[in-house]
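This report concerns one helix and the backbone geometry of several residues. Please consult the sequence and the structure shown below.

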Amino acid sequence: MPGDEASAPAPPGPAAPSAPSTPPAASTPLARAERFVWLTARVLEQRRFAFHFLGGAPDAVDAALGSYLGEDGGYGHALDPDLRGPLSQPLHTAYALRILDALGRCAGQRVERLCRHLTRVSTPEGALPLVVPGPRDYPAAPYHPVCDDPPGSLLTTGPVVGVLHRNRIWHAWLFRATDFCWERVETLRRPHPYEVRGAVAFLDGAPDRARAAAAADRLGRLVRERRLAVLEPDRRAEYPAVPGGAPGEQLFPYDYARRPESLARGWFTDEEMRRSLDFLAAEQQPDGGWPVRRRAWAPGSSLERRPIATLEALLTLRAYGRPPEAPDEAGGVSLPGPGRPR
């Protein structure tokens, strides 16, 4: 048959080198992280990594993010890996706005349309629920329960409102949502650690800076009194785990103060912050990625979550002057930000 004709044997050549199963030991932390991202990440996180660390174009990130945009103006399709399916959800919106904020593109008709979507899915008090119920029960993480009449959540409303205010977005939806955030933040007594993170995201973008500083001061004292942040990583077993979380799921100072200009930075001393960042840098795994401490509930979600955690770790370390290419040696990097806890 055609194509079955015998041909002269080719001279033997050198064997093709096999791909290394692990990155070279001499590679930098950033190089190992890059390899991990190319091996495991979605296109969106690959584009984000290229934008933040390789000089990539913002248009590529924007295009990748656009594939998650729904016809209703919201974001869906498991943009946040813990909520599967096509439905637009507040957690997806919070992630999308963080990306647009980093690109400097949190403005225009896209955000106007998004705010109209948020108006439609808000609770009677004007806030965003954790999960919006849909016509079908798409898979969701067990720690994000779906109910028919969900209450407003600071965990979702705080980050969305904070980013919109920081970008000077004005929309009718923001008025009641902002009031909801202030009321929740200023009346928290026994907060969940992730609720505190939502509060910080709101306070860091709130227009009333004096009121935000006062609220952050009270919240920081609560975090320390209730031991919601691991201040001594070498004694982390003595700190409580996140309620309802996985074994070993805990938050550290860098989880609250992702950047030195955050109001949460003032909750921790320089030494506490340094120990926290040392721990974060040392958490990089042999495959180049950072671990995810929350409960694993689906293989796809766990796989997609790790590149996001890796990006967040790299961005936090860089924000504090700890570039991955040059790890801190013997505490030689001075940390920006205030040095006295409130």
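Which residues of α4 are buried? They are Pro90, Leu91, His92, Thr93, Ala94, Tyr95, Ala96, Leu97, Ile99, Leu100 and Leu103, where buried means under 20% relative accessible area, exposed over 50%, and partly exposed in between (1.4 Å probe, protein chains only). The model is predicted, so local features need pLDDT of at least 70 and side-chain atom pairs count only at pLDDT 80 or more, while totals for chains, interfaces and linings use all residues. Residues are numbered from 1 along each chain as its sequence is written, and side-chain values use heavy atoms, with hydrogens and water left out.

**Helix α4**

Helices (H or I, at least four residues) are DSSP runs numbered from the N terminus. Helix α4 comprises residues 90-103, and 11 of its 14 residues are buried. The cover over these buried residues includes α2 (43-53), α3 (58-66), α5 (109-121), α6 (154-166) and α12 (299-319), contact being heavy atoms within 4.5 Å. At 1.5 Å a residue, the 14 residues should span 20 Å, which agrees with end C-alpha atoms 20 Å apart; the expected span is 1.5 Å times one less than the number of residues.

**Positive phi values**

Gly104, just after α4, has a positive phi of about 75°. Two residues other than glycine also have positive phi values:

| Residue | Phi | Loop | Relative accessibility |
|---|---|---|---|
| His77 | about 60° | between α3 and α4 | 40%, partly exposed |
| Arg168 | near 55° | between α6 and α7 (172-187) | 71%, exposed |

Definitions and conventions
Helix = DSSP H or I, 4+ residues; strand = E, 2+ residues; numbered from the N terminus.
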